[in-house]
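Here's a quick tour of how this protein is packed inside. Have the structure open and follow along.

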Amino acid sequence: MYMKKALALLLSILIAFSFFTVAFATEDITPVIIVSGMNCFPLTLAETGEQVWPPKGDSILAVVKENIVPLGKFLFTKDWQYLADELIEDVYKGIFEKVACDEKGESVYDIETKIFPKSLDNYPEDFRDSELSVSEKGIAKSLMREIGGDNVYYFNYDWRLDPITLAGDLSDADDLNAFIENVKKEKGSDKVTLIPCSMGGTVTNAYLYKYGSESVQKIIYTMAAFQGLSSVGEMFSRGIDL
């Protein structure tokens, strides 16, 4: 009788202790890295902070003002080739020149964009408090609610540059690898989950091609760009024909 009571008491203590430990246990969460696409954060001149992409309205308006006559003529003739011949140089100089790259694929101007080396808990004004509830910031806000902002990271980069190789500098794939290694070290994790958005799909594929998938637990592609990059590259290298 006493043995049964002692055994029952011991089992009760063990069960109670198991509930106690479960209540205070922390779930092992794999850190998530959102790999950005184009234009979520602007490109700026490093020296002055001037936003050069996306182009501001006054830049576009200045090009329009310079071409009132050809634009007016086009309304009557509908001659696209004439319009292209008249506009192309002004469009390039007024909108595209400061984001141009040279023949080696390196930026002509010293361009920078906002980066986020720490978890998103450290940037509430850019993510948690942002009014945007869609696109990459919306994804970030949802993840922060679900798994905590200390487990969510955002990899931003200069999307103009070659994702795999870049003469004299690191490519986007190299930067993403360094970012992943830093997150793993900071969180004490062997793996990360990647959520590449749009152009981020190209950068992620470049990373996988160059470094493999050993550090990646899961990839969730979100509207990833694979072939469209070639057409955009032609446009930015002035390979436009109408």
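## What's inside

Of the 242 residues in this predicted model, 35% count as buried. The secondary structure adds up to 8 helices and 7 strands. If you take contacts between residues at least 6 apart in sequence, 70% of them join residues at least 24 apart. On the outside, the protein exposes about 15000 Å², and 58% of that comes from carbon and sulfur atoms.

Now for the cores. In soluble globular proteins, nonpolar side chains tend to be buried together. Here the largest nonpolar core has 27 residues, and the members touching the most others are I33, V35 and F155. Elements giving two or more residues to this core include β1, β5, β6 and α7, while α6 gives the most, with 5 residues. There's also a second, separate core of 15 residues, with V32, F116, I195 and C197 among them.

Some of the elements that feed the largest core, with their residue ranges:

| Element | Residues |
|---|---|
| β1 | 32-35 |
| β5 | 152-155 |
| α6 | 172-187 |
| β6 | 192-196 |
| α7 | 200-211 |

So what does β1 pair with, and in which sense? β1 runs parallel to β5, over 4 bridges. In that pairing V35 stands opposite F155. Beyond its neighbours within four places in sequence, V35 is in contact with F155, Y157, L176, L194 and V203, among others.

As for β5, both of its faces are covered. V152 and Y154 are buried on one side, and Y153 and F155 are buried on the other.

Note on methods. Residues are numbered from 1 along each chain as its sequence is written. This is a predicted model: local features need pLDDT of at least 70, side-chain atom pairs count only at pLDDT 80 or more; totals for chains, interfaces and linings use all residues. Side-chain values use heavy atoms; hydrogens and water are left out. Buried means under 20% relative accessible area, exposed over 50%, partly exposed in between (1.4 Å probe, protein chains only). Contact means heavy atoms within 4.5 Å. Accessible areas come from the Shrake-Rupley method with a 1.4 Å probe; for residues, only the protein chains shown count as cover. A nonpolar core is a set of buried Ala, Val, Leu, Ile, Met, Phe, Trp, Tyr and Cys residues joined through side-chain atoms within 4.5 Å. Two strands pair if DSSP finds at least two bridges between them.
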